[in-house]
Amino acid sequence: SRARSIEEVRRVAISLGFTYFLDYDKQIPTKKREFSSAVSFFKIPLKGKRVLDVGPGTADSLDVAKAEGAAETLFIEE
């Protein structure tokens, strides 16, 4: 079935013992801070931009990009 929220994904991961995802999931605040810091340091404007993340993990950078006004967020995953 399809998960419609990150909470549903977490519940499934817990039930399946998918610790790789659960460990990565704990790093979300750090990953968001790292991406936000890099964008800020390099003065990259995201408002109105299309942002592509290759290998997004839990897509933390895309969440930040959207919050910063990105018009569209996309990803490529294996």
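# A tour from helix H3 outward

Begin at the end of helix H3, which is followed by Lys43, a residue whose phi is positive, near 55°. Helices (DSSP runs of H or I with at least four residues) and strands (DSSP runs of E with at least two) are numbered from the N terminus. What you have open is a predicted model, in which local features need pLDDT of at least 70 and side-chain atom pairs count only at pLDDT 80 or more, while totals for chains, interfaces and linings use all residues. Residues are numbered from 1 along each chain as its sequence is written, and side-chain values use heavy atoms, with hydrogens and water left out.

**The whole chain**

Before selecting anything else, colour the protein by secondary structure, and look for four helices and two strands, which run α-α-α-β-α-β from the N terminus on. The C-alpha atoms fill a box of roughly 40 × 25 × 20 Å, taken along the principal axes. Of the 78 residues, 23% count as buried, where buried means under 20% relative accessible area, exposed over 50%, and partly exposed in between, with a 1.4 Å probe and protein chains only. Among contacts (heavy atoms within 4.5 Å) with a separation of 6 or more, 24% join residues that are 24 or more positions apart.

**Helix H3 and Lys43**

Now select residues 28–41, the 14 residues of H3, whose end C-alpha atoms are 20 Å apart; this agrees with the expected span of 20 Å at 1.5 Å a residue, the expected span being 1.5 Å times one less than the number of residues. Within H3 you can pick out Thr30, which counts as partly exposed because its relative accessible area is 32%. If you draw a line from the C-alpha of Thr30 to that of Gly55, you join residues that are 25 apart in sequence and 17 Å apart in space.

Return next to Lys43, in the loop between H3 and strand E1 (50–54). Why does Lys43 count as exposed? Its relative accessible area is 70%, so it is classed as exposed. Its phi near 55° is a positive value in a residue other than glycine. Most residues other than glycine have a negative phi.

**Lys47, further along the loop**

Stay in the loop between H3 and E1 and select Lys47, which counts as exposed because its relative accessibility is 70%. Which residues does Lys47 contact, leaving aside its neighbours within four places in sequence? They are Glu68, Gly69 and Ala70. Gly69 is worth selecting for another reason, since H4 is followed by this residue, whose phi is positive, near 100°. For a longer line across the model, join the C-alpha atoms of Lys47 and Tyr20, which are 27 residues apart in sequence and 33 Å apart in space.

**Ala59 and helix H4**

Move on to the loop between E1 and H4, where you will find Ala59, a residue with a positive phi of about 65° although it is not a glycine. Is Ala59 buried or exposed? At 18% relative accessibility, Ala59 counts as buried.

Then select H4 itself, residues 60–67, and find Ser61 in it. Ser61 counts as buried because its relative accessible area is 12%, and, leaving aside its neighbours within four places in sequence, it is in contact with Phe35 and Asp53. Show the side chains of Asp60, Ser61, Leu62, Val64 and Ala65 together, since these are buried in H4. What do the buried residues of H4 pack against? If you display the surroundings, you will see that they pack against helix H2 (19–25), H3, E1 and strand E2 (72–76).

**Two aromatic pairs**

For the last stop, show the aromatic rings, because rings of Phe, Tyr and Trp (its six-membered ring) count as a pair if their centres lie within 6.5 Å, with planes under 30 degrees apart called stacked, over 60 edge-to-face and the rest tilted. The structure holds two such pairs. One of them joins Phe18 and Tyr20, a tilted pair with 6.4 Å centre to centre and 40° between the planes. Phe18 counts as partly exposed, at 46% relative accessibility, whereas Tyr20, at 62%, counts as exposed. The other joins Phe41 and Phe42, an edge-to-face pair with 5.0 Å centre to centre and 90° between the planes. Phe41 and Phe42 are both exposed.
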